[in-house]
Amino acid sequence: ETARQAEQQKSRDDQAQLRNDIRDTVDSAWITGNPLSQRGVRSKIHKKTADVVAMIENLLNEQWLYEVEIPAKERRVNSKSTYLINLNTKEHEEILAGYGPPSAKLIVPPSWLKQAIPLVPKPNGKYR
């Protein structure tokens with residue numbers, strides 16, 4: 001019985017650690033201006049892929065993570081259509097109350113957007 005309880009406690013601790021690792025990874029990536037897609041998070045967390053995928057889905061369902069969609073015309077790379085943001089407690093409560101995600105975190109960072117093509121050439125004849 002004691003061994004079973006110890007195993008259950010270790011499993012709960014491992015799940016809590018994975019949860020925190022995912023949220024911390026998503027948050028730090030967003031803060032640096034290079035947010036991660038679900039695939040990116042999976043590659044950063046060195047745990048069993050199925051466990052990471054399940055925990056990401058769980059965090060999305062609980063609304064601790066939010067997936068931001070990038071319009072097709074604005075994407076730098078078509079395969080990168082969404083990225084994740086982590087919500088703090090206040091933001092999570094606002095989402096649950098129906099206010100939606102914070103607008104500041106919905107601004108797509110330049111690293112995920114197509115670069116604008118300048119219409120005017122530089123003096124050397126090259127475009128920026």
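Student: What share of the 128 residues in the protein chain is made up of buried residues?

Tutor: Let's begin there. This is a predicted model, and in the protein chain buried residues make up 30% of the 128 residues. A residue counts as buried when its relative accessible area is under 20%.

Student: How many helices and strands are there, and in what order do the elements run?

Tutor: The protein chain has four helices and two strands. Going from the N terminus, you meet them as α-α-α-β-β-α. Contacts add to that picture: among those with a separation of 6 or more, 58% are between residues 24 or more positions apart.

Student: How do I read a helix? What should the 30 residues of α1 span?

Tutor: Count 1.5 Å a residue, which gives 44 Å for α1; its end C-alpha atoms are 43 Å apart, so the two agree. Then look for what is tucked away: Leu-18, Ile-22, Arg-23, Thr-25, Val-26 and Ala-29 are buried in α1. Those buried residues pack against α2, α3, β1 and β2. Just after α1 comes Gly-33, with a positive phi of about 90°.

Student: Let's try α3. Which of its residues are buried?

Tutor: In α3, the buried ones are Val-52, Met-55, Ile-56, Leu-59 and Leu-60. Looking down the axis of α3, you find its buried residues within an arc of 140°, so they line one face of the helix. Their cover includes α1, α2, β1 and β2. As for length, α3 runs over residues 49-61 and has 13 residues. From its first C-alpha to its last it reaches 18 Å, close to the 18 Å expected.

Student: Which residue with a positive phi follows α3?

Tutor: That's Gln-63, and its phi is near 65°. Here's the general idea: most residues other than glycine have a negative phi. Gln-63 is not a glycine, yet its phi is positive. You'll find Gln-63 in the loop between α3 and β1.

Student: Is Gln-63 buried, exposed or partly exposed, and why?

Tutor: Gln-63 counts as partly exposed, because its relative accessibility is 32%. The partly exposed class sits between the buried cut-off of 20% and the exposed one of 50%.

Student: What about α4? Which of its residues are buried, and where do they sit around the axis?

Tutor: Helix α4 covers residues 89-96, and its buried residues are Glu-91, His-92 and Ile-95. They cover an arc of only 100° around the axis, so they are on the same side of α4. The other side of α4 has Lys-90, Glu-93 and Leu-96, which are exposed. As for partners, the buried residues of α4 pack against β1 and β2.

Student: Now the strands. Is Ile-85 buried or exposed?

Tutor: Ile-85, in strand β2, has 0% relative accessibility, so it counts as buried. Leaving out residues up to four places away in sequence, Ile-85 touches Val-26, Trp-30, Trp-64, Leu-65, Tyr-66, Val-68 and Lys-105. One of these, Val-26, is also among the buried residues of α1. You can also compare sequence with space: Ile-85 and Leu-106 are 21 residues apart in sequence, and their C-alpha atoms are 8.6 Å apart.

Student: And Glu-69: is it buried or exposed?

Tutor: Glu-69 belongs to strand β1 and counts as exposed, because its relative accessibility is 59%. Leaving out residues up to four places away in sequence, Glu-69 touches Arg-75, Ser-81 and Thr-82. Between Glu-69 and Lys-80 there are 9.1 Å, C-alpha to C-alpha, with the two 11 residues apart in sequence.

Student: One last feature. How much space lies in the largest pocket, and which element gives the most to its lining?

Tutor: The general idea is to roll a probe the size of a water molecule over the atoms, which shows where empty space is left. Here the largest pocket holds about 190 Å³ of space. Its lining includes Pro-35, Leu-36, Gln-38, Arg-39, Lys-80 and Trp-112. The element that gives the most is α2, with three residues. Sorted by class, the lining has three nonpolar, six polar and two charged residues. Ser-81 and Thr-82, which Glu-69 touches, are also among the lining residues.

How values were computed: Residues are numbered from 1 along each chain as its sequence is written. This is a predicted model: local features need pLDDT of at least 70, side-chain atom pairs count only at pLDDT 80 or more; totals for chains, interfaces and linings use all residues. Side-chain values use heavy atoms; hydrogens and water are left out. The expected span of a helix is 1.5 Å times one less than its number of residues. Buried means under 20% relative accessible area, exposed over 50%, partly exposed in between (1.4 Å probe, protein chains only). The arc is that of the directions from the helix axis to the C-beta atoms. Contact means heavy atoms within 4.5 Å. On a 1 Å grid over the protein atoms alone, a cavity is a set of points where a 1.4 Å probe fits but cannot get out, and a pocket is an open set with protein on both sides within 12 Å along at least five of seven lines; lining residues have an atom within 4 Å of a point. Grid points are joined across faces, edges and corners, and a volume is the space filled by probe spheres set on the points. Ala, Val, Leu, Ile, Met, Phe, Trp, Tyr, Cys and Pro count as nonpolar, Asp, Glu, Lys and Arg as charged, and the others, Gly among them, as polar.
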